[in-house]
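Here are some notes for a colleague who is coming to this structure for the first time. Please read them with the sequence and the model side by side.

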Amino acid sequence: MKKMFLAIESSCDETAAAVVAEGREILSNVVQSSASLHERFGGVVPELASRAHLEAVVPVVDQALAEADLSVADLTGLGVCAGPGLLGSLIVGVSAAKALAFASGKPLVPVHHLASHIAANYLAFQDLEPPFLALVVSGAHAHIVEVQDYNSFVILARTRDDAPGEAYDKISRELGLAYPGGPKLDKLARMGNAQALDLPHPHFEDSLDFSFSGIKTASLNALNKAKQQAKTRLVRREDILADKDLAAAFQEAVVASLLEHVSQALDQTGYDKLVLAGGVSANSWLRDQSEALSRERGLKLYVPPLTLCTDNAAMTAAQSYYAYEAGERADLKLNATAMWELGSPIPH
């Protein structure tokens with residue numbers, strides 16, 4: 001009989017529940033986003049997100065079970081994203097999973113959010129197995145990870161300041177793009193000239209770590225300089241620095257920085273498989289340039305479909321299966337945690 005896991009994901013502004021069999025087969029995947037609530041504020045408001053999760057979590061779980069044509073009694077276990085993320089949002093999902101575990105007697109499996117993003121690729125590619133190198137880029141994270149096994153992760157690089165998603169959001173707001181701005185900036189950038197600005201590609205001596213604050217600041221400085229010059233010359237700012245050119249130069253610098261470091265990590269580790277994961281893996285330029293890198297180096301590249309790039313519970317359910325197989329369990333004292341190092345035990 002197949003082992004089936006229902007999982008709940010509520011780390012940010014998506015309330016999601018899904019059922020996955022054997023860590024690979026999606027039986028249902030339900031996502032309800034509260035992004036429209038946050039649009040007027042230009043970003044996620046934690047209080048609003050938590051309230052939206054409270055309203056959505058039970059209907060979303062019910063729908064996931066109904067679409068899978070299963071009851072809780074049919075499940076092997078219950079997975080839940082326990083962190084990292086917005087604490088108030090995480091608490092809603094963890095509380096719901098604990099309630100289901102208490103009522104049903106099913107084992108409860110806590111899952112790391114970034115491990116789930118990596119696991120999204122197992123759902124899309126039946127042939128993918130560790131070990132491999134993963135570039136995990138989401139709203140608040142940028143990691144190069146050595147995935148030694150399904151539950152064994154070594155962080156080779158991380159951002160020391162802004163994550164790419166945060167930088168994208170800031171530049172998008174300055175360009176007047178509505179939240180969420182990342183996809184809109186991506187579309188705008190594809191029409192622009194990436195050579196319009198010379199932006200930095202930061203590196204650290206003897207480290208693969210990233211830095212994106214310099215790219216963000218240089219982009220904002222260029223935009224502000226263009227605004228001042230436009231006032232002086234009594235012309236439109238767009239005639240000095242077009243939005244599409246700023247977007248293109250910014251996006252090129254971010255993606256180039258990511259893949260320059262990935263290329264170095266590949267040199268150091270010798271892996272021939274590269275996995276993209278996280279919300280920013282939906283970025284079209286990152287996908288294009290990753291494909292170019294894979295052709296250049298003879299790599300096998302794995303990029304999840306767009307529906308599995310952003311937060312969803314199918315990826316959480318997939319990782320729940322592998323964590324369960326490794327003996328991971330939690331009791332009803334499980335707490336959500338806003339900070340949790342990938343590859344480390346969950347903080348208590």
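The points below take up a sheet, its aromatic surroundings and one helix in turn.

1. Before anything else, please keep in mind that this is a predicted model, and that the values quoted here are computed from it.

2. The sheet is a good place to begin: five strands make up an open sheet, arranged in the order 8-7-6-9-10, and their pairing is mixed. At the edges stand strand 8 (152–158) and strand 10 (300–302), each of which has a single partner strand, so that one side of each is left without a neighbour in the sheet. On average, and with direction ignored, neighbouring strands of this sheet are turned by 25° against each other.

3. Within this sheet, strand 6 (residues 132–137) and strand 9 (residues 273–277) run parallel and are joined by four bridges. One residue to look up is valine 136, whose bridge partner in strand 9 is alanine 277.

4. Aromatic rings deserve a separate look, since the count comes to 10 aromatic pairs when ring centres within 6.5 Å are taken as paired. In one of these, the ring centres of tyrosine 122 and phenylalanine 132 are 6.4 Å apart and the planes stand at 65°, so the pair is edge-to-face. Because tyrosine 122 lies in helix 4 (residues 113–124) and phenylalanine 132 in strand 6, the pair ties together parts that are 10 residues apart in sequence. Both tyrosine 122 and phenylalanine 132 are buried.

5. Tyrosine 321 and tyrosine 322 also form an edge-to-face pair, because their ring centres lie 4.9 Å apart with the planes at 80°. Tyrosine 321 counts as buried at 11% relative accessibility, and tyrosine 322 is likewise buried, with a relative accessible area of 9%. Ring pairs link these residues into a cluster whose members are Phe5, Tyr122, Phe132, Tyr150, Tyr321, Tyr322 and Tyr324.

6. A ring also takes part in a contact with a charged residue: arginine 160 lies over the face of phenylalanine 204, at 3.8 Å from the ring centre.

7. Which residues of helix 5 (residues 164–174) are buried? They are Pro164, Gly165, Ala167, Tyr168, Ile171 and Ser172. Seen down the axis of helix 5, these buried residues fall within an arc of 160°, so they line one face of the helix. What covers them includes strand 6 and strand 7 (142–149), together with helix 6 (182–189), helix 7 (213–233) and helix 9 (243–269). Just after helix 5, glycine 176 takes a positive phi of about 80°.

Methods
Residues are numbered from 1 along each chain as its sequence is written. This is a predicted model: local features need pLDDT of at least 70, side-chain atom pairs count only at pLDDT 80 or more; totals for chains, interfaces and linings use all residues. Side-chain values use heavy atoms; hydrogens and water are left out. Two strands pair if DSSP finds at least two bridges between them. Helices (H or I, at least four residues) and strands (E, at least two) are DSSP runs, numbered from the N terminus. Axes are lines fitted to C-alpha atoms, for helices over the stretch in contact, and angles run from 0 to 180 degrees between N-to-C directions. Rings of Phe, Tyr and Trp (its six-membered ring) pair if their centres lie within 6.5 Å; planes under 30 degrees apart count as stacked, over 60 as edge-to-face and the rest as tilted. Buried means under 20% relative accessible area, exposed over 50%, partly exposed in between (1.4 Å probe, protein chains only). A charge sits over a ring if NZ of Lys or CZ of Arg is within 6 Å of the ring centre and within 35 degrees of the ring normal. The arc is that of the directions from the helix axis to the C-beta atoms. Contact means heavy atoms within 4.5 Å.
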